[in-house]
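Reader: Please take me closely through the interior of this chain. Start at a loop, work inward, and keep it brisk.

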Amino acid sequence: MRSRREEREAHPSATRVQNHQYKNHHVWAWVTGVIALIAVIAVAGYFASIYFKTKKAVDQTYDPHNAVKTTGEFNGKKRFAILLMGTDTGALKRTEKRGRTDTMILAVVNPAKKHYTLVSIPRDTMAQMIGETPTRIEKINAAYELGGAKMSMASVSELINVPIKYYAVVNMGGIMKMIRYVGGINIRPTLSFEYGGYVFKKGKLMHMGGATALAYSRMRYDDPRGDYGRQERQRQVIITLIKKAVSVSSLSNLDSILTSVSSNVRTNLPFSALQQIAMNYRGCADHSSSDYLHGYNAMIKDAAYQVQPTSELQRISNLVRTELDLPEAKVDNNETYQNKRNEANGFSFKSSKTQKYHIYDYTEAGDN
């Protein structure tokens, strides 16, 4: 059970878009999820035994229940999107079986521009749970707990009006074990703070074991950027881990690393598709941009949410659809309907105050 403090979310005062140019492919590994590290090892082809061990591990991560056609989809020319999710199930004394997703990032790969875009979806974003009957409104991170990857993809897709067929989910508790197997990782914290009994100093190189890295990646309430800052630290940990895991020095622990990956990663991308992504889209690793849905604090009943203005949902929809070479289309869904009704009854997206937000019966939308 989360405390009231944990239900509050800080957010920046203005939307920021970050553009980066990289001279390596470490960030690209995050785009394909932690599962990519085993594909990278396979493509490298150090030894035949490594390839077969890698394929066996990847096969165990595959989710056949959400299988989709991948033949010809990753030929190096087609654009695609993958929903990346992180959950804390089993980590830091959490015992729930599936859990909510603390991180949701839509990765959009555009080979025409040799570029990829990461769009973060704040965990407390108000959204309709697609697949639930009757209509149910929750925080977007509840979709995975309620209906798994299928509901998560459908709910994000409906929220911003973009097609999403592929996903990868990582259990951060499993990442903790993997960090131990590679002998720890070295990270320069992005800010100074204390959390879970650990002390982090901004810019000071720190060797982190699994528990330390997990604590570093989980804190959000002392971060001035809130959940956005935490997502950046989570990416930093995973990118550093992947760099270490694929190094020659870690090959002696390959069996343990692959066992950890196969137990803590799920994706509907088969081994053949991951190989094709690793081989055919390497040129996209050199240029990237990141963005996020920028919402407003609101109280729905007794819980704190991030409510996204219709204009913001449309902005992100236009961005993603353009990167996927799709025509722009109007976002018209439960969220835009709720915004319209709330604004008509006095809610203002221009206010800096936390306001009450009411959920109206969406079946009424057909009458307007």
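Author: Helices here are DSSP runs of H or I with at least four residues, strands are E runs of at least two, and both are numbered from the N terminus. With those labels, D286 sits in the loop between α10 (271-280) and β13 (287-292). The model is predicted. D286 is partly exposed, with a relative accessibility of 29%. The C-alpha atom of D286 is 7.4 Å from that of K114, although 172 residues separate the two along the chain.

K114 leads to the strands. It belongs to the hairpin of β3 and β4, which has four residues between the strands. There K114 takes a positive phi, near 50°. Six bridges pair β3 with β4 (residues 115-120) in the antiparallel sense. One pairing is V109 with Y116 of β4.

β3 has a further antiparallel partner, β2, joined to it by eight bridges. Here I82 is the bridge partner of A107 in β3. How many residues of β3 are buried? Ten of the ten are, so the strand is largely enclosed by the rest of the structure.

Next, the nonpolar packing. Nonpolar side chains tend to be buried together in soluble globular proteins. The largest nonpolar core of this model has 30 residues. Which members touch the most others? They are L83, M85, L106, I160 and V320. At least two core residues come from each of β2 (80-87), β3 (101-110), α5 (142-160), β7 (166-171) and α11 (310-323). The largest share belongs to α5, with nine residues.

L106 shows how these pieces meet. Leaving out residues up to four places away in sequence, L106 touches A81, I82 and L83. It also touches T117, L118 and V119. I160, V162, I164 and V320 complete its list of contacts. A separate core of 23 residues lies apart from the largest one, and its members include F193, F200, V237 and I238.

α5 and α11 also receive α12 (residues 334-344). The buried residues of α12 pack against β5 (126-128), β6 (137-139), α5, β15 and α11. Those buried residues are N334, E335, T336, Y337, Q338, N339 and N342. At the N-terminal end, N333 caps the helix. A side-chain oxygen of N333 lies 3.1 Å from the backbone nitrogen of E335. After α12 comes G346, with a positive phi near 105°.

β15, one of the partners of α12, belongs to an open sheet. Its three strands run in the order β15-β14-β16, with mixed pairing. β15 (303-307) and β16 (355-356) are the edge strands; each has a single partner, so one side of each lacks a neighbour in the sheet. β14 (residues 296-300) and β16 run parallel and are joined by two bridges. M299 has K356 of β16 as its bridge partner.

Now the loop between α4 (48-61) and β2, where N66 lies. Is N66 buried or exposed? At a relative accessible area of 14%, N66 falls under the 20% limit and is buried. Its side chain makes a polar contact of 2.6 Å with that of D63. Farther than four places along the sequence, N66 touches A149, K150, M153, Y167 and N268.

The same loop holds F74, while Y166 is in β7, so their ring pair ties together parts 92 residues apart in sequence. Ten aromatic pairs are found in the whole structure. In the pair of F74 and Y166, the ring centres are 5.2 Å apart and the planes stand at 50°, so it is tilted. F74 is buried, at 1% relative accessibility. Y166 is buried too, at 2%. A second pair, F200 and Y216, has centres 5.3 Å apart and planes at 50°, so it is also tilted. F200 is in β10 (residues 198-200) and Y216 in α7 (residues 210-218), so this pair links parts 16 residues apart in sequence. Both F200 and Y216 are buried. Finally, F74, F80, Y166 and Y281 form one aromatic cluster.

Some totals set the scene. The chain has twelve helices and 16 strands. Of its 368 residues, 54% are buried. Among contacts with a separation of 6 or more, 69% join residues 24 or more positions apart. The exposed area is about 16,600 Å², and carbon and sulfur atoms supply 50% of it.

Technical notes: Residues numbered from 1 in each chain as written. Predicted model: local features only at pLDDT ≥ 70, side-chain atom pairs only at ≥ 80, totals over all residues. Heavy atoms only, no water. Pairing = 2+ DSSP bridges. Core = buried A, V, L, I, M, F, W, Y, C linked by side-chain atoms within 4.5 Å. Buried < 20%, exposed > 50% of the residue type's maximum accessible area, 1.4 Å probe, protein only. Contact = heavy atoms within 4.5 Å. Areas by Shrake-Rupley, 256 points an atom, 1.4 Å probe, with all protein chains shown as cover. Polar contact = N/O pair within 3.5 Å; in protein donor to acceptor, adjacent residues only side chain to side chain. Phe/Tyr/Trp six-rings, centres within 6.5 Å; stacked < 30°, edge-to-face > 60°.
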